[in-house]
Amino acid sequence: MDTTQQPPEARDLPYDVFAKACPSRGTLEHVTGRWGALTLGALYEGSLRFNELRRRVDGVSEKMLSQTLQGLERDGLVHREAQPTNPPRVDYELTPLGHEVAERLLGLIRFVEGRMDDVLAARERYDVTRGAR
């Protein structure tokens, strides 16, 4: 990409998510994937235990939530706190970096939710012109 087309704040960054080998691409995938975005959004509300988080992120399997949390924890966005109790208690919360990322994601989520009438109307127009499937 021609750097003159990039916003000024992005021109001098050492990472380029558009480059295949850039490590930022993996983090972007963790953050913007369906389960990552929903997990970060749910944790923005505060610390949650695994099953509380699973109930909040309706539809995620135990395996996918576990994988998602591991990826977000590895990226430094989520902190996992295991309590030495019987049965063991594990809490998940956002790190300061995770909180900042979640705040930006929630802006996008709220925008999409606020424009769903437009999206649904566009889908309907599309289906009418293309024949509903």
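This is a short walk through two helices, a surface patch and some salt bridges in the structure above.

Hi everyone, thanks for coming. Before anything else, please keep in mind that this is a predicted model. The mean pLDDT of the protein is 91, and 90% of its residues reach 70 or more. Where is confidence lowest, and where is it highest? The low end is helix α1, residues 24-32, with a mean of 94, and the high end is helix α4, residues 62-74, at 97.

Let's stay with α4, then. It is 13 residues long, and from its first C-alpha to its last it reaches 18 Å, close to the 18 Å you would expect at 1.5 Å a residue. Which residues of α4 are buried? They are L65, T68, L69, G71 and L72. If you look down the axis of α4, those buried residues fall within an arc of 165 degrees, so they line one face of the helix. Turn to the other side of α4 and you find K63, Q70 and R74, which are exposed.

Now for α5, which covers residues 96-114. With 19 residues at 1.5 Å each, α5 should span 27 Å, and its end C-alpha atoms are indeed 27 Å apart, so the two agree. The buried residues here are G98, A102, L105 and L106. They take up an arc of only 120 degrees around the axis, which places them on the same side of α5.

One of those deserves a closer look. L106 has a relative accessibility of 10%, and because buried means under 20%, L106 counts as buried. In space, the C-alpha of L106 is 8.6 Å from that of A37, although the two residues are 69 apart in sequence. If you have the viewer open, that pair is a nice one to pick out.

What does the face of α5 turned away from its buried side carry? Exposed residues: P96, R104, L108, F111 and G114. Two of those names come back straight away, since L108 and F111 join V112 in a nonpolar patch on the surface. Together, the three patch residues have about 290 Å² of accessible area.

On to the charged side chains. As a reminder, side chains of opposite charge can pair when their charged atoms come close. How many salt bridges does the structure hold? There are five, and I'll show you some of them.

Let me begin with R54 and E62, whose side chains meet at 3.9 Å, N to O. R54 counts as partly exposed, at 33% relative accessibility, and E62 is partly exposed too, at 48%. For anyone who likes to check cut-offs, a salt bridge here requires the nitrogen to be within 4 Å of the carboxyl oxygen, so the 3.9 Å of this pair qualifies.

Another bridge joins D91 and R89, with the closest N and O atoms 3.0 Å apart. In this pair D91 is buried, with a relative accessible area of 12%, whereas R89 is partly exposed, at 34%.

My last pair is D118 with R115, where the closest N and O atoms are 2.6 Å apart. D118 is partly exposed, with a relative accessible area of 41%, and R115 is partly exposed as well, also with 41%.

That's my tour. Happy to take questions!

Definitions and conventions:
Residues numbered from 1 in each chain as written. Predicted model: local features only at pLDDT ≥ 70, side-chain atom pairs only at ≥ 80, totals over all residues. Heavy atoms only, no water. Patch = residues over 30% accessible without salt bridge, like charges linked within 9 Å, V, L, I, M, F, W, Y side chains within 5 Å. Areas by Shrake-Rupley, 256 points an atom, 1.4 Å probe, with all protein chains shown as cover. Helix = DSSP H or I, 4+ residues; strand = E, 2+ residues; numbered from the N terminus. pLDDT = per-residue confidence, 0-100. Expected span 1.5 Å × (residues − 1). Buried < 20%, exposed > 50% of the residue type's maximum accessible area, 1.4 Å probe, protein only. Arc of directions from axis to C-beta.
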